[in-house]
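Student: I have a model open in my viewer and would like to learn how to read it. Could you take me through it feature by feature?

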Amino acid sequence: MNELKQYILEELNPNVKVTVQEVIVSNFVQNAINNLAAYEIINKDYRVIKDYEITHISMLNGLVKIIKDGKLKVGN
């Protein structure tokens, strides 16, 4: 599972090669949290407690990005 998380994180941000433990305190995760908070998906003061939450945050942030880019239509 950690290998999958690492792959997803590297695919979302290929310039950053880090381990799950380093990502918890990284700007990448904080920027994703801020982006999701702007859409009221999570609270701006959200804190990552479990490492699997990084994958959830990354997936949600990726969905928001493809919606914003017009690659995924939602609603009518």
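Tutor: We will go from the overall fold to helices, contacts, a salt bridge and a pocket. Keep in mind that this is a predicted model.

Student: Where do I start? How many helices and strands does the chain have?

Tutor: Begin with the secondary structure. This chain has four helices and zero strands, and along the sequence the pattern reads α-α-α-α.

Student: What share of the residues counts as buried?

Tutor: Of the 76 residues in the chain, 30% are buried. You can also ask how far apart in sequence the contacting residues lie. Among contacts between residues at least 6 apart in sequence, 44% join residues at least 24 apart.

Student: How do I check a helix, say α4? What span should its residues cover?

Tutor: Use the rise of 1.5 Å a residue. Helix α4 runs over residues 52-68, and its 17 residues should span 24 Å. The end C-alpha atoms are 25 Å apart, which agrees with that expectation. The check also works for α3, residues 27-38: its 12 residues reach 16 Å from first C-alpha to last, close to the 16 Å expected.

Student: Which residues of α4 are buried?

Tutor: Here a general idea helps. An α-helix has 3.6 residues a turn, so residues three or four places apart point the same way. In α4, the buried residues are Glu53, Ile54, Thr55, Ile57, Ser58, Asn61 and Val64. In α3, they are Phe28, Val29, Ala32, Ile33, Asn35, Leu36 and Ala37.

Student: Let me try one residue. Is Thr55 buried or exposed?

Tutor: Thr55, in helix α4, has a relative accessibility of 13%; it counts as buried because the cut-off is under 20%. Leaving aside neighbours within four places in sequence, Thr55 is in contact with Lys5 and Ile8.

Student: Where is Ile8 found, and what does Ile8 touch?

Tutor: Ile8 is in helix α1, residues 2-12. Not counting residues up to four places away, Ile8 touches Thr55 and Ser58. Ile8 and Thr55 are 47 residues apart in sequence, yet their C-alpha atoms are 7.6 Å apart in space.

Student: What about Leu60: which residues does Leu60 touch?

Tutor: Leu60 is another residue of helix α4, and at 35% relative accessibility it counts as partly exposed. Outside its sequence neighbours up to four places away, Leu60 touches Leu36 and Ile41. You can also look at Ile33, which is 27 residues from Leu60 along the chain, with 9.5 Å between their C-alpha atoms.

Student: What should I look for just after a helix?

Tutor: Look at the backbone angle phi. Just after α3, Glu40 takes a positive phi of about 55°, although Glu40 is not a glycine. Glu40 sits in the loop between α3 and α4, and at 72% relative accessibility it counts as exposed. After α4 comes Gly70, whose phi is also positive, near 80°.

Student: How many salt bridges are there in the whole structure?

Tutor: The general idea is that side chains of opposite charge can pair when their charged atoms come close. A search of the whole structure finds one salt bridge. The side chains of Lys65 and Asp69 meet there, at 2.8 Å from N to O. Lys65 is partly exposed, with a relative accessible area of 48%, and Asp69 is partly exposed too, at 41%.

Student: Last, the pockets. What volume does the largest pocket have, and which residues line it?

Tutor: For a pocket, ask about volume, lining and chemistry in turn. The largest pocket has a volume of about 210 Å³. Its lining consists of Leu12, Phe28, Asn31, Ala32, Asn35, Ser58, Asn61, Gly62, Lys65, Ile66, Asp69 and Lys71. Notice that both salt-bridge partners, Lys65 and Asp69, appear in that lining.

Student: Which helix supplies the largest share of the lining?

Tutor: That is α4, with five residues. Helices α3 and α4 each supply at least two residues.

Student: And how many lining residues are nonpolar, polar and charged?

Tutor: Sorted by class, the lining has four nonpolar, five polar and three charged residues.

Definitions and conventions. Residues numbered from 1 in each chain as written. Predicted model: local features only at pLDDT ≥ 70, side-chain atom pairs only at ≥ 80, totals over all residues. Heavy atoms only, no water. Expected span 1.5 Å × (residues − 1). Buried < 20%, exposed > 50% of the residue type's maximum accessible area, 1.4 Å probe, protein only. 1 Å grid on protein atoms, 1.4 Å probe; cavity = no way out; pocket = protein on both sides within 12 Å on 5 of 7 lines; lining within 4 Å. Points joined across faces, edges and corners; volume = space filled by probe spheres on them. Nonpolar A, V, L, I, M, F, W, Y, C, P; charged D, E, K, R; others polar. Salt bridge = Lys/Arg side-chain N within 4 Å of Asp/Glu carboxyl O. Contact = heavy atoms within 4.5 Å.
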